[in-house]
Each structure stands twice: as structure tokens, then as C-alpha cells.
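Work through these exercises with the sequence and the 3D view side by side. Try each task before you read its solution.

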Amino acid sequence: MKSGPIVRIEGLTRRFGPIVAVDRVDLEIARGELFALLGGSGCGKTTLLRMLAGFETPDEGRLFIDGQDMTDVPPYRRPVNMMFQSYALFPHMDVAANVGYGLRRDGVKGPEIAGRVAEILKLVHLQDHAKRKPSQLSGGQRQRVALARALVKRPKLLLLDEPLAALDRKLRESTRFEMVRLQEQLGLTFVMVTHDQEEAMSMATRLAVMNAGRIAQIGTPHEVYEHPASRFVADFIGIANIIALDGGGWMALRPEKIALSADRPALPRTVAARIVDVAYEGDRSLYHVETEAHGTMTVSTMNTSRSAGAAFARGQSVWLGWSDEAGQRLEA
């Protein structure tokens with residue numbers, strides 16, 4: 001097996017007229033990772049993915065896949081496959097024909113196609129649906145057909161463009177685990193684009209948070225959440241209370257790191273507050289509280305009792321407290 005990263009990007013830039021969609025990005029992706037490109041609309045994540053696929057040509061920089069310079073190589077000559085958000089299944093073909101389509105285009109012989117299609121359909125638990133048309137499948141099943149079609153060609157790199165966006169919330173949650181299982185079982189490298197931070201945090205081994213065409217931070221989900229490198233990352237990932245520090249700095253304080261109590265807690269940092277809004281979310285409650293020192297803050301508490309709802313009421317006077325290590329100092 002080769003050593004070194006499977007993807008190496010050096011100074012990659014893509015412009016559309018006066019707009020710089022991707023701005024001098026450097027990035028390495030390790031073999032066997034499930035790597036997520038995460039960011040809001042217009043941050044450059046999809047353009048970066050399309051340059052990996054070969055659908056966009058960079059204006060500057062180089063792109064290497066498995067040690068080979070792929071900067072100017074057309075899509076069909078790259079060891080890459082892409083699963084699109086729309087799935088793009090052929091409605092007139094059954095599941096097996098859809099999955100085997102790329103192999104037929106590549107001139108693979110019929111018996112080998114049949115074997116590989118059967119193998120991949122079993123892997124995605126669709127072996128009993130081989131003769132069904134896409135219209136006879138659920139949204140989750142169509143998603144798995146699209147995934148099988150991308151995987152059957154055994155790419156070195158699988159690119160996923162918002163792979164769960166078309167599914168409802170409950171199905172998205174179950175499909176996340178299924179995709180992670182497949183990725184680990186196959187040992188392939190997945191690169192996923194998503195705007196959904198919960199999706200990226202629950203699936204990725206590492207992720208890159210993008211903003212205005214640049215990478216704001218790279219790390220594991222834990223690193224990015226607990227140690228955001230900037231105010232932008234702290235604001236984008238989860239909920240963060242951004243507090244001004246003496247000397248002109250900033251600190252990110254996550255809602256769950258704050259103790260909420262009726263009496264002043266025995267903690268190094270305390271502040272009086274008044275509850276202005278309560279959101280009951282089943283396993284937890286979110287409180288918006290007004291403080292004189294830090295303005296409006298968000299606090300999260302777990303709901304451990306089955307007999308009661310939120311522990312505090314709108315308008316109630318409370319105390320907030322946190323330890324010195326609860327917050328994370330930020331760059332601008």
C-alpha cells in the first residue's frame with residue numbers, strides 16, 4: 001500500500017469573473033478518511049469538490065490524487081467517482097442496471113458486472129430489490145442505489161455532494177450510520193460536502209470549515225468544537241456565547257459548559273441573569289438569559305427527570321457559573 005496522503009492540494013484557486021470561489025487552498029486528506037468540507041452557501045466547498053472530480057479547472061495551484069498530478073486530467077481519467085445530491089438514477093432501468101451502468105460504459109464483461117453488482121447490492125442491503133425501478137423505492141433506498149453505483153467501480157476516492165440532503169430528518173440520522181459503516185468496511189476515502197454541521201460532526205473523521213473560499217480550520221469534530229481557531233468557527237459550529245475579555249480578546253463559551261442555578265454557584269466565574277426564553281427539546285432545555293455583563297447568553301441543561309419539563313421558567317432570576325477552563329480563547 002502506498003504511503004502519504006491520497007489527496008494533496010497546493011494553493012488551489014478558482015475564480016468566476018470577479019468572484020474568488022476558492023482562494024489558495026492547501027489541504028491533505030489521508031487514506032481511508034471520511035473527510036467533510038463544511039460551510040455555508042457560497043463558501044467554496046462545492047467548487048473545491050468539483051475541482052477534485054475534474055468538473056472545474058483551477059486557475060492556480062496543483063491537485064494530486066494518489067501521488068499523481070491530476071490538475072489538468074479530465075474527469076473520466078481520474079480514479080474518482082462522485083455521488084450527486086439528486087442521485088441521477090435512470091428511471092427506466094431497474095436497480096441492478098443502474099448500479100452496473102458505469103461498468104458497462106467501461107467495457108467490463110457481463111459476468112463480472114453481474115458479480116460486482118450482486119456484491120455491492122448485498123453490501124448496501126438491497127439484494128432483494130435488484131429488479132425494482134427507482135420509482136418503486138423509498139428515498140433512503142434510492143440514496144443507497146446511488147451510493148452502490150458509485151462504489152461498484154471501486155474508486156480510490158468517492159466524492160459526495162450533500163449526500164443526505166434529500167432525505168427527511170429521521171432517515172438522515174439512520175443513513176449517517178450506514179454510510180460510516182460502509183466507508184469503514186470498504187476502507188475507501190470519502191470526501192463529503194455538506195452545509196449541515198450535525199452531519200459533518202457525526203460522520204467525519206476530520207473536517208475542514210470553509211469561509212469565503214478559504215479553510216478557516218481543519219481538525220477532528222472534537223477539536224473543532226472544543227477548540228475553535230477563530231470567532232467565525234466558534235459561531236458556525238454549534239452554539240457559542242462569545243464573551244469579550246479584558247485586553248480586547250474574545251472567548252467562546254459553549255451553552256453546556258455553563259451551570260444554571262437559582263443560587264449563586266461555587267464556581268470561579270459567576271454572573272446574575274434573568275431568563276427571557278425557554279426552548280424544551282426533550283433531552284435538554286435551551287435558555288436565553290439576559291445578563292448585565294455579557295448581554296444575552298444561551299445556556300443548555302439536560303432534562304434528567306421524566307416527570308418535569310424545563311427546570312426554570314421565563315422571567316426567573318438565576319445565576320450562571322463556569323470554570324476557568326470552560327471557555328476557549330479566540331483569534332479575531
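Which residue in S4 does Arg8 stand opposite? Arg8 stands opposite Phe64. Before going on, note that this is a predicted model, where local features need pLDDT of at least 70, side-chain atom pairs count only at pLDDT 80 or more, and totals for chains, interfaces and linings use all residues. Residues are numbered from 1 along each chain as its sequence is written, and side-chain values use heavy atoms, with hydrogens and water left out.

**Exercise 1. Trace the open sheet and the helix that packs on it.**

Step 1. Fix the terms. Helices (H or I, at least four residues) and strands (E, at least two) are DSSP runs, numbered from the N terminus. Two strands pair if DSSP finds at least two bridges between them.

Step 2. Read the order. The open sheet has four strands, S2-S1-S4-S5, and the pairing is antiparallel.

Step 3. Find the edges. Strand S2 (19-29) and strand S5 (68-69) each pair on one side only.

Step 4. Look at one pairing. Strand S1 (residues 7-16) and strand S4 (residues 60-65) run antiparallel and are joined by five bridges.

Step 5. Add the helix. H1 packs on the sheet and touches S1, S2 and S4. The direction of H1 makes about 120° with that of S1. Here axes are lines fitted to C-alpha atoms, for helices over the stretch in contact, and angles run from 0 to 180 degrees between N-to-C directions.

Step 6. Check a backbone angle. Arg24 is found in strand S2. Its phi is near 50°, a positive value in a residue other than glycine.

**Exercise 2. Decide how enclosed helix H1 is.**

Step 1. Set the scale. Buried means under 20% relative accessible area, exposed over 50%, and partly exposed in between (1.4 Å probe, protein chains only).

Step 2. List the buried residues. In H1 they are Lys45, Thr47, Leu48, Leu49, Met51, Leu52 and Ala53.

Step 3. Conclude. Seven of the nine residues of helix H1 (residues 45-53) are buried, so this helix is largely enclosed by the rest of the structure.

Step 4. Look just past the end. Gly54 follows H1 and takes a positive phi of about 95°.

**Exercise 3. Describe the nonpolar cores.**

Step 1. Define the object. A nonpolar core is a set of buried Ala, Val, Leu, Ile, Met, Phe, Trp, Tyr and Cys residues joined through side-chain atoms within 4.5 Å.

Step 2. Find the hubs. The largest core has 46 residues, and those touching the most other members are Val99, Leu121, Leu147, Leu160, Leu207, Val209 and Ile237.

Step 3. Find the main contributor. Helix H4 (residues 139-151) gives the largest share of this core, six residues.

Step 4. Name the other core. A second, separate core has 28 residues, including Ile9, Leu49, Ile65 and Leu159.

**Exercise 4. Classify two aromatic pairs.**

Step 1. State the rule. Rings of Phe, Tyr and Trp (its six-membered ring) pair if their centres lie within 6.5 Å; planes under 30 degrees apart count as stacked, over 60 as edge-to-face and the rest as tilted. This rule gives three aromatic pairs.

Step 2. Take Phe90 and Tyr101. The centres are 4.7 Å apart with 55° between the planes, so the pair is tilted.

Step 3. Place this pair. Phe90 lies in the loop between strand S6 (80-83) and helix H2 (95-105), and Tyr101 lies in helix H2, so the pair ties together parts eleven residues apart in sequence.

Step 4. Take Phe232 and Phe236. This pair is stacked, at 5.8 Å centre to centre and 15° between the planes. Both residues lie in helix H8 (residues 231-236), four residues apart, about one turn of the helix.

**Exercise 5. Buried or exposed: Thr194 and Ala212?**

Step 1. Take Thr194, in strand S8 (residues 189-194). Its relative accessibility is 0%, so Thr194 counts as buried.

Step 2. List its contacts (heavy atoms within 4.5 Å). Leaving aside neighbours within four places in sequence, Thr194 is in contact with Leu37, Leu38, Gly39, Lys45, Glu162, Glu199 and Ala200.

Step 3. Take Ala212, in the loop between strand S9 (206-211) and strand S10 (214-219). At 53% relative accessibility, Ala212 counts as exposed.
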